[in-house]
Amino acid sequence: MARPVRFNIHPKEADYNTAIGFAESPAGFTGEGFFTTKLSDVVGLARKNSIWPLPFATSCCGIEFMATMGSHYDLARFGAERVGFSPRQCDLLMVMGTIAKKMAPVVKQVYLQMAEPRWVIAVGACACSGGIFDSYSVLQGIDQVVPVDVYVPGCPPRPEGIIDGFMQIQTLVGKESIRRRNGDQYKALLESYGIQ
Ligand code: SF4
């Protein structure tokens, strides 16, 4: 049965002009022929609308991600159509599925290979907390090995939930100071995970 979605409703022909919009410009001062704003706001605007996700899908939640990337939900509308499988070219790690303890070092290795700035979404109950698998072999949440920025609950979360998590990441990315990654707080966070 088709799921109701408020996205991708085909506009009538007369609506095409209003269906295409521009990203909201950051706060600043406008004059005749010039516009001034903060550098970090411009960097944030560019970053949040050109995120390159790295899907780390191990089980059922990965199927929901496939639906999220399909034409019906179409994550590309958020500037994230370039899904990559090379950590060095991606800035958003999306972990979807059950992560066995044997797999945990691999998740960490992938995270370490990503360049800064990098963000992480835990998609689904298994990635967030181990889900229903409270067992000796399953990692009880990927935040035991890498820092997580956004948690998307659900078993599995629907594509709308994944899109909502992605939009939360966009909000974080857009507001992040370009100096945050050099700050003591961020360094302390990485050190708590044994990352230099
Ligand atoms: S959260 Fe549920 S749907 Fe997602 S990987 Fe775990 S068991 Fe599968």
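Four strands make up an open sheet in the order E3-E4-E5-E6, and their pairing is parallel. Helices (H or I, at least four residues) and strands (E, at least two) are DSSP runs, numbered from the N terminus, and two strands pair if DSSP finds at least two bridges between them. Strands of a sheet pair through backbone hydrogen bonds, either parallel or antiparallel. At the edges sit E3 (53–57) and E6 (150–152), each pairing on one side only. From one strand to the next, the twist averages 20°.

Before going on: this is a predicted model, where local features need pLDDT of at least 70 and side-chain atom pairs count only at pLDDT 80 or more, while totals for chains, interfaces and linings use all residues. Residues are numbered from 1 along each chain as its sequence is written.

Here are two of the strand pairs.

| Pair | Bridges | Sense | Partners |
|---|---|---|---|
| E3 and E4 | 5 bridges | parallel | Phe56 opposite Val95 |
| E5 and E6 | 3 bridges | parallel | Val123 with Val152 |

How many of E4's residues are buried? It's 5 of 5, so to speak of E4 as mostly covered fits the definition: a residue is buried if 20 or more other C-beta atoms lie within 10 Å of its own, exposed if 12 or fewer, and partly exposed in between, with C-beta atoms placed from the backbone. Leu92, Met94 and Met96 point one way from E4, Leu93 and Val95 point the other way, and all are buried.

Now for the helices. H3 (residues 60–69) lies across E3, E4 (92–96) and E5, running at about 145° to E3. H6 (residues 159–175) packs on the sheet too, touching E4, E5 and E6, and its direction makes about 160° with that of E5. Axes here are lines fitted to C-alpha atoms, for helices over the stretch in contact, and angles run from 0 to 180 degrees between N-to-C directions. Contact means that the C-beta atoms of two residues, placed from the backbone, lie within 7 Å.

H6 also packs with H2 (residues 39–48), at an angle of about 155° and with the axes 7 Å apart. The two helices are therefore roughly antiparallel to each other (that label goes to angles over 145 degrees). Gly44, Leu45, Arg47 and Lys48 of H2 meet Gln170, Val173, Gly174 and Lys175 of H6.

H7 (residues 184–192) is another story: it is hardly covered, with 0 buried residues among its 9. Just after H7, Gly194 takes a positive phi of about 75°.

Notes:
Angles under 35 degrees count as roughly parallel, over 145 as roughly antiparallel, 65 to 115 as roughly perpendicular and the rest as oblique.
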